[in-house]
2 protein chains.
Amino acid sequence: MAKKTTIYDIAKELNITVSTVSRALNNISTISESTREAVLDMAKKLNYRPNKVASSLTSGKTYIIGVLLPSAQIQFFASVIHALEKYLKSFGYSILLYQTNESLESEKNGISTLLEAQVDGIIASLSLETEQDISHFEKVKEEGKPLIIFDRTHDDLQSPTVKINDEQAGYLATKHLLDKGYQRIAYITTKHKIKIFRERFEGYQRALQEAGIALKPSYALFGELNVEGGYEGAKQLLKLKDAPDAIIGGDDYVALGIIKALHEKGITPPAVGVIGFANQNFSEHIIPSLSTIDQQALQMGKECAKLFLKIIERSPSADKEIDPIILDPLLLARESTNRKTRS
Amino acid sequence: MAKKTTIYDIAKELNITVSTVSRALNNISTISESTREAVLDMAKKLNYRPNKVASSLTSGKTYIIGVLLPSAQIQFFASVIHALEKYLKSFGYSILLYQTNESLESEKNGISTLLEAQVDGIIASLSLETEQDISHFEKVKEEGKPLIIFDRTHDDLQSPTVKINDEQAGYLATKHLLDKGYQRIAYITTKHKIKIFRERFEGYQRALQEAGIALKPSYALFGELNVEGGYEGAKQLLKLKDAPDAIIGGDDYVALGIIKALHEKGITPPAVGVIGFANQNFSEHIIPSLSTIDQQALQMGKECAKLFLKIIERSPSADKEIDPIILDPLLLARESTNRKTRS
DNA sequence: CTGAAAGCGCTAACAA
DNA sequence: TTGTTAGCGCTTTCAG
């Protein structure tokens, strides 16, 4: 492969200087139209390709933004990645991806990696393990770089956030079941102390309280957030003397596990109501279709991107507080809860 | 925020030169243990963070590898991303992501973006639109950078590839249905001329031929690769006088659509057999569970990563041919095809 | 084992 | 409107 062509090559061919070339290429200030065209032509002719690494070193901007999240295999996050990349790309930004796999240590390494890569900012969602220690996130801000936290946020982290109203999500799910006439409503969620799961549970409590139904401790299960967790939890619930007539799953996978356990007992929703969270792609299509609370992943990704651009483009001095962006959860009522309402 | 500390700061504090600091930090050649420790201590004390952009500019290596694929929202690709990032991270590489959204133009822009970012190599899977024009991929090789194509490969592209044996995948699916006693087997796939879909279809043909069954043109449908496509296709097939007793879906979403259409007619698999491709996460959990051909997404991602490392680490002179890596498709026989075998 | 110095490709004052 | 000139932070010969 031949030597790469640089702006020096263009300058030499045209008998001008590199600064002129640079200005022409970046369409900066007042460049005579003629030289601009000449430069562009020559650039094309010489197969010039700008070296962003070099320009980053001088300008201090990489136009790369770091995305740190638990796992691209979780569909919610995949959707956020999708939306982020799609939107930011149109503003000239690229996405550098780092997965924590729900590990705090990995999360810390991720922040370091992204910071060393000189990203222009970081958009992150916390790992399940992250509880007290959030010093690594503080470092991002110490370096003066925008940090946006989405979905899995943290109380002690003073950063712009984008999330849905999780308390409302839990409330909606529970209220929906109540409206459908279910009375003995159980809840299977994660044992991890992540804020959003706690909030959803609070919404569940509020809905019950409003309906004047006492919270039964045996109806609240804390296990793993996956099919297996839902399956095991549901089996346990079905053994109760006073078995629930509806079960809320911490996410759609948990709900799937619940349905599986019911199926083994010869029960098909909505005979026992089942609802999940996340609106995974399969939820709509399984039989019976699964009621769920949509988390607005795509919308959330887009809002993160917009927020990032807003922050990056304002002057650093204008350091006024940024209001958290709270999206509304969306109840998707489908067959799995569609019991005939009592009259 | 205070000025960032550089190796100059460390050098000054220690009364040594930057070259020594650089050597110590990179653990290079023969550095006296004492100065190495001193440098490391001081680096920590001053909160030093290496600037990869600067080092990339001199060394010519960014330790970033570009990943170009249709969409992170397609679970197969999300899994590949997951595996790629997970594996490459342990070798110090990061992932710069670009989605083509199945558009050729976007694919071209993606290659440019990644190249400008000076990635050390590109791992890509073609968009549905990419047919004749693959000049953008040629450019990657012209720049002397490794280019690995996975899953959606292209005949004219002389690059290392990682894929599964798609012909075999199509064959396996069809053979499985035949073994289960299905005779009138239809196939709903995409209208796009992508190699892997063509190959799967060829496997379908081979299996039928082996069984001495003539290919019925009315049984081969070419539409969209999604739930809707499967639904519409199946509805059309069910109208035939000689309706099929089994339908192969071009992917699991198509299969989902097929099941939906059957459901509307009061038919539940395996009464009519249904099988898909990809083993999407929901396939195992829907009722009835969906038979499918696993594409080994995680394995594929890992093989891509390994291949990349192998290529990048060998001397550029050792330019011997790289054999394509062909993974075996995996038949996952589940309820949707589990008809009692004829005796 | 360490220092001196050049330079990676580009941007951005400051001049002209 | 264009040129001159420093760097950005680091690596990497070449000397010593």
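Start by selecting DNA strand C and the protein surface near it, where "near" means that a heavy atom of the residue lies within 4 Å of the strand: α1, α2 and α4 of chain A, together with α2 and α4 of chain B, each supply at least two residues there, and the largest share, four residues, comes from α2(A). Helices (H or I, at least four residues) and strands (E, at least two) are DSSP runs, numbered from the N terminus. The model is predicted, so local features are given only at pLDDT of at least 70 and side-chain atom pairs only at pLDDT 80 or more, while totals for chains, interfaces and linings use all residues. Residues are numbered from 1 along each chain as its sequence is written, chains are lettered from A and ligands numbered from 1 in the order in which they are written, and side-chain values use heavy atoms, with hydrogens and water left out.

**DNA strand C**

Of the 25 residues around DNA strand C, the ones to label are A:S22, A:Y48, B:T20, B:T30 and B:T58, which come nearest. Sugar and phosphate make up 62% of the strand C atoms that come within 4 Å of the protein. By class, this surface divides into seven nonpolar, 15 polar and three charged residues, where Ala, Val, Leu, Ile, Met, Phe, Trp, Tyr, Cys and Pro count as nonpolar, Asp, Glu, Lys and Arg as charged, and the others, Gly among them, as polar.

Next, display the polar contacts, that is, pairs of N or O atoms within 3.5 Å; within protein, one atom must be able to donate a hydrogen and the other to accept it, and residues adjacent in sequence count only if both atoms are side-chain atoms. A phosphate oxygen of strand C lies 2.7 Å from a backbone N or O atom of A:I7, and a phosphate oxygen is 3.3 Å from a polar backbone atom of A:N51. At A:A54, a backbone N or O atom lies 3.2 Å from a base nitrogen of strand C.

While chain A is selected, look at helix α1 (residues 7-14), at whose start a side-chain oxygen of A:T6 reaches to within 3.0 Å of the backbone nitrogen of A:Y8. Just after α1(A), A:N15 takes a positive phi of about 60 degrees.

**DNA strand D**

Now move to DNA strand D, which has 26 residues around it, with A:S19, A:T20, A:T30, A:T58 and B:Y48 coming nearest. Of the strand D atoms within 4 Å of the protein, 58% belong to sugar and phosphate. Zoom in on B:Y8, where a polar side-chain atom lies 3.2 Å from a base nitrogen of strand D, and then on B:T58, where an N or O atom of the side chain is 3.2 Å from a sugar or linking oxygen. The surface near strand D has eight nonpolar, 15 polar and three charged residues.

**The two protein chains**

Superpose chain B on chain A by least squares on the C-alpha atoms of residues with pLDDT of at least 70 in both: a rotation of 180 degrees with 0.0 Å of shift along its axis achieves this, with an RMSD of 0.1 Å. The two copies are thus related as by a two-fold rotation axis. To find that axis in chain B, select B:L96, whose C-alpha comes closest to it, at 2.3 Å.

**The sheet across both chains**

Colour the strands next, taking two strands as paired if DSSP finds at least two bridges between them. Twelve strands form an open sheet of mixed pairing, in the order β11(A)-β5(A)-β4(A)-β3(A)-β1(A)-β2(A)-β2(B)-β1(B)-β3(B)-β4(B)-β5(B)-β11(B). The edge strands are β11 (325-327) of chain A and β11 (325-327) of chain B, each pairing on one side only. At the chain B end, three bridges join β5 (residues 161-164) to β11(B), the two running parallel, and B:K163 stands opposite B:I326.

**The sheet within chain A**

Finally, select the six-strand open sheet of chain A, with the order β7-β6-β8-β9-β10-β12 and mixed pairing. Here β7 (220-223) and β12 (330-332) stand at the edges with a single partner strand each, so one side of each is left without a neighbour in the sheet. Strand β10 (residues 291-294) is joined to β12(A) by three bridges, and the two run antiparallel; the bridge partner of A:T292 in β12(A) is A:L332.
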